[in-house]
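Please read the following report alongside the sequence and the coordinates. It deals in turn with charged pairs, a pocket and two individual residues.

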Amino acid sequence: MLLLETCQLEGIVSMPSGVFKPYAGVSTAVLIFTRGGSTEKVWFYDMEADGYSLDDKRTPTDMKGDIPDIIESFRRRREENPGDRKGKCFYVPAEEITANNYDLSISRYKEIEYEEVEYEKPEVIIRKIEEIEGRILENVGELKGMLK
């Protein structure tokens, strides 16, 4: 509440769990704010990687992850004014955050698009398994014949 009303909360970078392993495995967020003023809207960024593996070993992957994109997106945020909540970054109005009891979790505001997946009927899957199993038994029979 205090950050939104007495400071200008510029942005929130939501970091994945594992960024601070082996010390802590919880997800973390970086808050970017300017002292004084008030907040009209907050820029959110959903960071997926920091350039290292997210396990206890923290081995280097590309050693950059999303960090260059975070910096560039933050610099361009006012010109681009991202509003698509399915993207990596987007704005949320301060009124909406207030209405959500000052919840600053990106998961509260990010829209996730689910793709419907159609599976074959169990009978069809079982038939395919039986066909594959039959071919395997034929091949095993051939191999046994070669060993004699």
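## A buried charged pair

With which residue does aspartate 50 form a salt bridge, and how far apart are the closest N and O atoms? The model examined here is a predicted one, and in it the partner of aspartate 50 is arginine 58, with 2.4 Å between the closest N and O atoms of the salt bridge. Both members of this pair, aspartate 50 and arginine 58, are buried.

## Salt bridges in the model

Side chains of opposite charge can pair when their charged atoms come close. The count for this model comes to 13 salt bridges, and the pair of aspartate 50 and arginine 58 is one of the salt bridges described here. Another joins the side chains of glutamate 10 and arginine 77, with an N to O distance of 2.8 Å. This pair links distant parts of the chain, since glutamate 10 belongs to strand 1 and arginine 77 to helix 2, with their positions 67 residues apart in the numbering. Glutamate 10 counts as buried because its relative accessibility, 11%, is under the 20% limit. The salt bridges extend to a network in which Glu10, Arg77 and Arg78 are linked.

A further salt bridge brings together the side chains of lysine 128 and glutamate 120, at 2.7 Å from N to O. Here both partners fall in the intermediate class of accessibility: lysine 128, at 35% relative accessibility, counts as partly exposed, and glutamate 120, with a relative accessible area of 41%, is likewise partly exposed.

## The largest pocket

The largest pocket has a volume of about 180 Å³. Its lining consists of Gln8, Leu9, Glu10, Ser38, Thr39, Glu40, Lys41, Arg77, Arg78 and Tyr91, and this list includes the three residues of the salt-bridge network, Glu10, Arg77 and Arg78. By residue class, the lining divides into five charged, three polar and two nonpolar residues.

Two elements, strand 1 (7-15) and helix 2 (67-80), each supply at least two residues of the lining. The largest share, three residues, comes from strand 1.

## Arginine 77

Arginine 77, which has its place in helix 2, is one of the residues that line the largest pocket. Is arginine 77 buried or exposed? Its relative accessibility is 6%, and arginine 77 therefore counts as buried, the limit for that class being under 20%. The side chain of arginine 77 also makes a polar contact with the side chain of glutamate 10, at 2.8 Å. When residues up to four places away in sequence are left aside, arginine 77 touches Glu10, Trp43, Pro82 and Tyr91; of these, Glu10 and Tyr91 also appear in the lining of the largest pocket.

## Threonine 34

Threonine 34 lies in strand 2, which covers residues 28-35. Its relative accessible area is 36%, and threonine 34 is therefore partly exposed, a class that spans the range between the buried limit of 20% and the exposed limit of 50%. Not counting residues up to four places away in sequence, threonine 34 touches Cys7, Gln8 and Glu10, and Gln8 and Glu10 are among the residues lining the largest pocket.

How far apart are the C-alpha atoms of threonine 34 and isoleucine 132? These two residues are 98 residues apart along the chain, and their C-alpha atoms are separated by 64 Å.

Key:
Residues numbered from 1 in each chain as written. Predicted model: local features only at pLDDT ≥ 70, side-chain atom pairs only at ≥ 80, totals over all residues. Heavy atoms only, no water. 1 Å grid on protein atoms, 1.4 Å probe; cavity = no way out; pocket = protein on both sides within 12 Å on 5 of 7 lines; lining within 4 Å. Points joined across faces, edges and corners; volume = space filled by probe spheres on them. Helix = DSSP H or I, 4+ residues; strand = E, 2+ residues; numbered from the N terminus. Nonpolar A, V, L, I, M, F, W, Y, C, P; charged D, E, K, R; others polar. Salt bridge = Lys/Arg side-chain N within 4 Å of Asp/Glu carboxyl O. Buried < 20%, exposed > 50% of the residue type's maximum accessible area, 1.4 Å probe, protein only. Polar contact = N/O pair within 3.5 Å; in protein donor to acceptor, adjacent residues only side chain to side chain. Contact = heavy atoms within 4.5 Å.
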